[in-house]
Amino acid sequence: MKRKKRFGRSIKNRCPGYLQAKAKQLFESTGGMYVEVPILYRASQYDHTSDTYIPKKLSQRMYHLTDGTKVQRDWYSSYLLYCINKTYTQINKLKCRSNFATMYQKEKNMIEEIIRSGKKDYEFRYSYRLIS
């Protein structure tokens with residue numbers, strides 16, 4: 001006999017609001033902080049080297065900053081989220097410029113370690129932790 005799938009429960013377990021609530025609960029229970037960034041923050045479009053917003057295609061995984069530095073889009077977006085100001089509304093440009101070289105080197109080291117270890121990305125994340 002084939003069981004009927006409980007569609008409502010399936011949706012509840014996968015909905016964005018549920019995920020956000022669980023992430024908030026997890027961060028706060030471990031002493032962390034959960035912050036929702038405004039949509040206008042546009043971390044995926046900002047280029048800190050030229051202080052401009054440059055729209056990119058979703059399929060464009062790697063791109064060159066104005067100064068020629070090649071960055072991975074998701075890493076760079078997370079870096080720009082790291083550089084948010086204390087009111088969580090804008091990019092702290094000074095923090096962005098002063099920390100970029102160090103964080104970029106860490107990203108390059110992590111990529112080299114992934115290549116050297118021969119592990120897939122998702123396996124690597126669970127076996128290797130970057131603590132800054």
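## A tour from the aromatic cluster outward

Begin by selecting Tyr63, Trp75, Tyr76, Tyr79, Tyr82, Phe100 and Tyr104, which together form one aromatic cluster. What you have open is a predicted model, and a search of the whole structure finds 11 aromatic pairs in it. For one of them, keep Tyr63 and Tyr76 on display: their ring centres are 6.1 Å apart and their planes stand at 80°, so the pair counts as edge-to-face. This pair links distant parts of the chain, since Tyr63 belongs to strand 3 (residues 62–64) and Tyr76 to helix 3 (residues 73–82), with their positions 13 residues apart in the numbering. Both Tyr63 and Tyr76 are buried.

Two lysines can now be added to the view. Select Lys56, whose charged end sits over the ring of Tyr63, 4.4 Å from the ring centre. Then select Lys95, whose charged end sits over the ring of Tyr82, at 4.2 Å from the centre of that ring.

Next, colour helix 3 and look at the side chains that are turned away from solvent. Which residues of this helix are buried? Arg73, Trp75, Tyr76, Ser77, Tyr79 and Leu80 are, and what covers the buried residues of helix 3 includes strand 1, strand 3, strand 4 and helix 4. It may help to recall, while turning the helix, that an α-helix has 3.6 residues a turn, so residues three or four places apart point the same way.

Move to the N-terminal end of helix 3 and select Gln72, which lies in strand 4 (residues 70–72). What does Gln72 do at this end of the helix? Gln72 caps helix 3, with a side-chain oxygen placed 2.9 Å from the backbone nitrogen of Asp74. A polar atom of the Gln72 side chain also lies 2.8 Å from the backbone nitrogen of Trp75, a residue that you have already selected as part of the aromatic cluster. Leaving aside residues up to four places away in sequence, Gln72 touches Arg61, Met62 and Glu107.

From helix 3, follow the chain into the loop that leads to helix 4, where Ile84 is found. Is Ile84 buried or exposed? Ile84 has a relative accessible area of 13%, below the 20% limit, and is therefore buried. Not counting residues up to four places away in sequence, Ile84 touches Val37, Tyr41, Thr89, Gln90 and Asn92. If you label Ala43 as well, you will find its C-alpha atom 9.4 Å from that of Ile84, although the two residues are 41 residues apart along the chain.

Stay in the loop between helix 3 and helix 4 (93–117) and select Tyr88, which has a positive phi of about 60° although it is not a glycine. At 29% relative accessibility, Tyr88 counts as partly exposed. A second residue with a positive phi, near 50°, is Arg42, which is likewise not a glycine. Arg42 lies in the loop between helix 2 (16–29) and strand 1 (46–47), and with a relative accessible area of 37% Arg42 is partly exposed.

Finish by colouring the chain by pLDDT, for which the mean is 81, with 79% of the residues reaching 70 or more. Over residues 126–132 the pLDDT is below 50, and this stretch has six contacts in the model beyond near neighbours in sequence. Where pLDDT is low, the predicted coordinates should not be read in detail.

Note on methods:
Residues numbered from 1 in each chain as written. Heavy atoms only, no water. Helix = DSSP H or I, 4+ residues; strand = E, 2+ residues; numbered from the N terminus. Polar contact = N/O pair within 3.5 Å; in protein donor to acceptor, adjacent residues only side chain to side chain. Contact = heavy atoms within 4.5 Å. Phe/Tyr/Trp six-rings, centres within 6.5 Å; stacked < 30°, edge-to-face > 60°. Buried < 20%, exposed > 50% of the residue type's maximum accessible area, 1.4 Å probe, protein only. Lys NZ or Arg CZ within 6 Å of the ring centre and 35° of its normal. pLDDT = per-residue confidence, 0-100.
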